[in-house]
Amino acid sequence: MPLRSVIIIAAWPPGQAARTTSPDGGQHPRHRRRLDRADHPGTQVGPHAILRLEDDAVVLLDQRRLPQETVELRLTSWQEVAEAIREMAVRGAPAIGCTAAYGVANGAKQGAPIAEVIDTLARTRPTAVNLFWALDRMRRVAGEDGSPARLEAEAIAIHDEDIA
């Protein structure tokens, strides 16, 4: 399943700070939070611009495109999340773990069998320690209360703890 790039946030010359922008001038509600920060010159791209969970998608910075341009991937299925991890669109142990947790939450929202989602995500990067740590945590929560809302809350908690 091909990954879908939706927004080129910024392209900048080497040595200059990245700033987020939006192709619609910030009219779409999902762009407003990023644009508020971007309205202040010199603002760096923050942790939630790198990875976040939106209502129907996991949105992440495509790290394969850095540093020449900043491109977001909007992943609307847990299979796309698995592909993004496998294809190294997301890099760095903490980011991989957080992305996988969001993928599990996304799969739960879609009614996918959680065991299948977790097993598929686990096969994406077999040496990524944070990937397995996050998936084990999501598996534990799914065993206690596998509701989509509870899994989403756990994925957000994993991400917030990682940022702290």
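1. Helices, in this note, are DSSP runs of H or I with at least four residues, and they are numbered from the N terminus. The model discussed here is predicted. One residue to place with that definition is Arg137, which is found in helix H6.

2. The overall layout comes next. The protein has seven helices and four strands. Read from the N terminus on, its elements follow the order β-α-α-β-β-β-α-α-α-α-α. Of the 164 residues in the protein, 46% are buried. Among contacts with a separation of 6 or more, 57% are between residues 24 or more positions apart.

3. Is Arg137 buried or exposed? Arg137 has a relative accessible area of 14%, and it counts as buried because that value is under 20%. Its side chain makes a polar contact of 2.7 Å with the side chain of Glu161. Apart from neighbours within four places in sequence, Arg137 is in contact with Glu154, Ala157 and Ile158 as well as Glu161.

4. Now the nonpolar core. The largest one has 36 residues, and those with the most contacts inside it are Leu60, Val104, Leu121 and Leu135. Strands S2 (51-54), S3 (57-61) and S4 (69-75) each supply at least two residues of this core, and so do helices H3 (78-86), H4 (93-109), H5 (114-122), H6 (129-144) and H7 (148-163). Which element gives the largest share? That element is H4, with eight residues.

5. Leu121 can serve as an example from this core, being among the residues with the most contacts inside it. If residues up to four places away in sequence are not counted, Leu121 touches Trp78, Val81, Ala82 and Ile85, then Ala100, Gly103 and Val104, and finally Leu131 and Leu135. Two of these partners, Val104 and Leu135, are also listed among the core residues with the most contacts.

6. How many cavities of 30 Å³ or more are there? The count comes to two. The second largest has a volume of about 30 Å³. Its lining consists of Ile50, Leu51, Leu60, Leu61, Gln63, Val90, Ala95 and Thr99. S3 and H4 each supply at least two residues of that lining. By type, the lining of the second largest cavity holds six nonpolar residues, two polar ones and no charged ones.

7. Leu60 links two of the points above. It is one of the residues with the most contacts inside the largest nonpolar core, and it also lines the second largest cavity.

Definitions and conventions:
Residues numbered from 1 in each chain as written. Predicted model: local features only at pLDDT ≥ 70, side-chain atom pairs only at ≥ 80, totals over all residues. Heavy atoms only, no water. Core = buried A, V, L, I, M, F, W, Y, C linked by side-chain atoms within 4.5 Å. Buried < 20%, exposed > 50% of the residue type's maximum accessible area, 1.4 Å probe, protein only. Contact = heavy atoms within 4.5 Å. Polar contact = N/O pair within 3.5 Å; in protein donor to acceptor, adjacent residues only side chain to side chain. 1 Å grid on protein atoms, 1.4 Å probe; cavity = no way out; pocket = protein on both sides within 12 Å on 5 of 7 lines; lining within 4 Å. Points joined across faces, edges and corners; volume = space filled by probe spheres on them. Nonpolar A, V, L, I, M, F, W, Y, C, P; charged D, E, K, R; others polar.
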